[in-house]
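Hi,

Here is the structure I promised to pass on. Have a look at it first, and then read my notes below.

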Amino acid sequence: MSSLDRMAGLLEAFLFAKGDPVSLKEMAEALEEDSLKIEEALHVLQEKYDKPGSGITLHHTGAGLSLIHISEPT
């Protein structure tokens with residue numbers, strides 16, 4: 001597992017635990033990493049969630065990012 005994949009996994013867990021939108025600055029401080037690395041890891045997560053069958057999406061708001069569970073239409 002690459003360090004970027006590991007960072008993406010940590011971010012995913014952090015976003016799930018927080019529940020509410022989180023700013024890039026808050027993510028960087030919590031994971032003790034620079035903002036550029038956080039942005040790269042978020043890109044990895046976005047690619048993961050863009051795949052067919054994913055039930056999660058990154059939701060961008062003015063307050064930051066959060067994870068949202070999406071359900072397939074029935």
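**The strand pair**

Leucine 58 has leucine 67, in β2, as its bridge partner. β1 and β2 pair in the antiparallel sense over six bridges, where pairing takes at least two DSSP bridges between two strands. A hairpin joins β1 to β2 through two residues. Strand and helix names follow DSSP runs numbered from the N terminus: helices are H or I runs of at least four residues, strands E runs of at least two.

Before going on, some ground rules: this is a predicted model, where local features need pLDDT of at least 70 and side-chain atom pairs count only at pLDDT 80 or more, while totals for chains, interfaces and linings use all residues. Residues are numbered from 1 along each chain as its sequence is written, and side-chain values use heavy atoms, with hydrogens and water left out.

**The core**

Which residues touch the most other members of the largest nonpolar core? Among its 17 residues, they are Leu11, Leu15, Met27, Ile38, Leu42, Leu45 and Leu58. α1 (3–18), α2 (24–31), α3 (35–50), β1 (56–61) and β2 (64–69) each give two or more residues to this core. By nonpolar core I mean buried Ala, Val, Leu, Ile, Met, Phe, Trp, Tyr and Cys residues joined through side-chain atoms within 4.5 Å. Buried is under 20% relative accessible area, exposed is over 50%, and partly exposed lies in between (1.4 Å probe, protein chains only).

Leucine 45 touches Ala8, Leu11, Glu12 and Leu58, leaving aside residues up to four places away in sequence; contact means heavy atoms within 4.5 Å.

**Helix α1**

α1 has buried residues Met7, Ala8, Leu11, Glu12, Phe14 and Leu15. They sit on the same side of α1 because they cover an arc of only 165 degrees around the axis, taken from the directions from the helix axis to the C-beta atoms. What covers them includes α2, α3, β1 and β2. On the face turned away from that buried side are the exposed residues Ser3, Arg6 and Ala17. After α1 comes glycine 19, whose phi is positive, near 80 degrees.

**Lysine 37**

Is lysine 37, in helix α3, buried or partly exposed? Lysine 37 is partly exposed, with a relative accessible area of 38%. Lysine 37 touches Leu4 and Met7, again not counting residues up to four places away in sequence. Its C-alpha atom is separated by 9.9 Å from that of serine 3, 34 residues apart along the chain.

Cheers
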